[in-house]
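User: Please go through the model shown below with me. I should like to work through its features one question at a time.

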Amino acid sequence: MWTAYQAQVWRHIQVSKPRGIRLSGEVGLRIALDPRGELIDARIESSSGNRMLDRLALRSVHAASPLPPPPVEIQDYDLVFSVKFSFRVL
């Protein structure tokens, strides 16, 4: 249940990821949600080394809020996720 919800949250965030970025890097993010899927906190756990990419990753998470509400079975859990947000030049 937890893994499926985490994947659903990540897919929802991916839609808000900006396109056409001409930089590469990976940002480690920590996000916390309330039981309704509202974003409580988003912060950088590991920087890409590029402040612009770090800000874009955070902005994408904020733009995706509210996220899908969790299933009833896990609403009482601490809804905190660590995700790697990757930017790649194609």
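## Salt bridges, sheet and helix

User: What is the relative accessible area of D41?

Analyst: The model is predicted, so local features need pLDDT of at least 70 and side-chain atom pairs count only at pLDDT 80 or more, while totals for chains, interfaces and linings use all residues. Residues are numbered from 1 along each chain as its sequence is written, and side-chain values use heavy atoms, with hydrogens and water left out. D41 falls in the partly exposed class, the range between buried (under 20% relative accessible area) and exposed (over 50%), computed with a 1.4 Å probe on protein chains only. Its relative accessible area is 21%.

User: Which residues are linked in a network of salt bridges?

Analyst: A salt bridge here is a side-chain nitrogen of Lys or Arg within 4 Å of a carboxyl oxygen of Asp or Glu, and the structure holds three of them. D41 meets R30 with the closest N and O atoms 3.2 Å apart, and D41 also meets R43 at 2.8 Å, N to O. Of these arginines, R30 is partly exposed at 26%, and R43 is partly exposed at 44%. The linked residues are R30, D41 and R43.

User: How many residues apart in sequence are the parts that the pair R30 and D41 ties together?

Analyst: Strands are DSSP runs of E with at least two residues and helices are runs of H or I with at least four, numbered from the N terminus. R30 lies in strand β1 (residues 25-33), whereas D41 lies in strand β2 (residues 39-46). The pair therefore joins parts whose separation in sequence is eleven residues.

User: Which residue forms a salt bridge with D34?

Analyst: D34 is found in the loop between β1 and β2 and is buried, with a relative accessible area of 11%. Not counting residues up to four places away in sequence, D34 touches I40, P70 and L79, where contact means heavy atoms within 4.5 Å. Its salt-bridge partner is exposed at 58%. With the closest N and O atoms 2.9 Å apart, that partner is R36.

User: In what order do the three strands stand in the open sheet?

Analyst: Strands of a sheet pair through backbone hydrogen bonds, either parallel or antiparallel; here two strands count as paired if DSSP finds at least two bridges between them. The pairing in this sheet is antiparallel, with nine bridges between β1 and β3 and six between β1 and β2. Since β2 and β3 (79-87) each have a single partner strand, they stand at the edges, so one side of each lacks a neighbour in the sheet. The order is β2-β1-β3.

User: Which residue is the bridge partner of L33 in β2?

Analyst: β1 and β2 form a hairpin with five residues between them, and G37 in the turn has a positive phi of about 95°. On the β3 side, R30 stands opposite S82, while E26 has S86 as its bridge partner. In β2, the bridge partner of L33 is L39.

User: How many of the nine residues of β1 are buried?

Analyst: β1 is largely enclosed by the rest of the structure. That conclusion follows because the buried residues of β1 number seven.

User: What angle does the direction of helix α1 make with that of β3?

Analyst: Helix α1 (residues 2-15) packs on the sheet and touches β1 and β3. Axes are lines fitted to C-alpha atoms, for helices over the stretch in contact, and angles run from 0 to 180 degrees between N-to-C directions. The angle is about 45°.

User: Within what arc do the buried residues of α1 fall?

Analyst: Y5, V9 and I13 are buried in α1, and what covers the buried residues includes β1, α2 (51-64) and β3. On the other side of the helix, T3, A4, R11 and V15 are exposed. The arc is taken over the directions from the helix axis to the C-beta atoms. Seen down the axis of α1, the buried residues line one face of the helix, because they fall within an arc of 75°.
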